[in-house]
Amino acid sequence: MKSFVVAVVVACLVPLSVVPTHAAKFISGVIASNTTLNTTGGRVYQVTGSITVNPGVTLTIDPGVVLKFSLGTSLTVNGKIFAPAGSTPHSLIYFTSIRD
């Protein structure tokens, strides 16, 4: 199965200053079972270490989620990623730097 790495050098067109960073959830490591990143308890996920989605596993990212990557981290998907974003600022999914 092919894998790919999402390089996090993304510039967001919508300012993220409206996103509270005090409610961040932390994520890193191997995702070995189907997992959903949602907005319950906060919409910001701080990626503190590289993430790998195992083969046969689906990572679902709900609309409104913000993934803020620390320097040197990445997302490698060997399984599937499902990210059904919307068209309004609060229903988009953001992949950005922790510096934003």
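These notes walk through a predicted model of one protein chain.

1. **Overall make-up.** Start with the elements. The chain has 0 helices and 9 strands. Read from the N terminus, the order is β-β-β-β-β-β-β-β-β. Of its 100 residues, 36% count as buried.

2. **Contacts and surface.** Take the contacts in the chain with a separation of 6 or more. Residues 24 or more positions apart account for 55% of them. The chain exposes about 5600 Å². Carbon and sulfur atoms supply 59% of that area.

3. **The core.** Which residues have the most contacts inside the largest nonpolar core? They are Leu 37 and Leu 67, in a core of 16 residues. At least two core residues come from each of these strands: β2 (25-31), β4 (44-53), β5 (58-61), β6 (66-69) and β7 (75-77). The most comes from β4, which gives 4 residues.

4. **Around Leu 37.** Look at this residue in the viewer. Leave out residues up to four places away in sequence. Leu 37 then touches Ile 27, Tyr 45, Leu 59, Thr 60, Ile 61, Asp 62, Val 65 and Leu 67. Leu 67 is the other residue named for the most contacts inside the core.

5. **A three-stranded sheet.** Now trace the open sheet. Its 3 strands follow the order β3-β5-β8, and the pairing is parallel. Why is one side of β3 and of β8 left without a neighbour in the sheet? β3 (35-37) and β8 (80-82) stand at the edges and each has a single partner strand, so one side of each stays free of a neighbour there. From one strand to the next, the twist averages 20 degrees.

6. **Inside that sheet.** β3 and β5 run parallel and are joined by 3 bridges. One residue pair to find is Thr 35 with its bridge partner in β5, Leu 59. Leu 59 is also among the residues that Leu 37 touches.

7. **Strand β6 and its partners.** β6 runs parallel to β4, with 4 bridges joining the two. Here Val 47 stands opposite Phe 69 of β6. β6 also pairs with β9, again in the parallel sense, over 4 bridges. In that pairing, Val 66 stands opposite Tyr 94 in β9.

8. **The faces of β6.** Are the faces of β6 covered or open? Both are covered. Val 66 and Lys 68 lie on one side, Leu 67 and Phe 69 on the other, and all are buried. Check Phe 69 against the cut-off. Its relative accessibility is 3%, and buried means under 20%, so Phe 69 counts as buried.

9. **An aromatic pair.** The count of aromatic pairs comes to 1. The partners are Phe 69 and Phe 95. Their rings are stacked, at 6.4 Å centre to centre with 25 degrees between the planes. What does the pair tie together? Phe 69 lies in strand β6 and Phe 95 in strand β9 (residues 94-97), so the pair links parts that are 26 residues apart in sequence.

10. **Gly 86 in its loop.** Finish with a loop residue. Gly 86 sits in the loop between β8 and β9. Is Gly 86 buried or partly exposed? At 34% relative accessibility, Gly 86 counts as partly exposed. Set aside its neighbours within four places in sequence, and Gly 86 is in contact with Ser 91 and Leu 92. Asp 62 is 24 residues from Gly 86 along the chain, and 9.6 Å separates their C-alpha atoms. Asp 62 also appears among the residues that Leu 37 touches.

Note on methods:
Residues numbered from 1 in each chain as written. Predicted model: local features only at pLDDT ≥ 70, side-chain atom pairs only at ≥ 80, totals over all residues. Heavy atoms only, no water. Core = buried A, V, L, I, M, F, W, Y, C linked by side-chain atoms within 4.5 Å. Buried < 20%, exposed > 50% of the residue type's maximum accessible area, 1.4 Å probe, protein only. Contact = heavy atoms within 4.5 Å. Pairing = 2+ DSSP bridges. Axes fitted to C-alpha atoms, helices over the stretch in contact; angles between N-to-C directions. Phe/Tyr/Trp six-rings, centres within 6.5 Å; stacked < 30°, edge-to-face > 60°. Areas by Shrake-Rupley, 256 points an atom, 1.4 Å probe, with all protein chains shown as cover.
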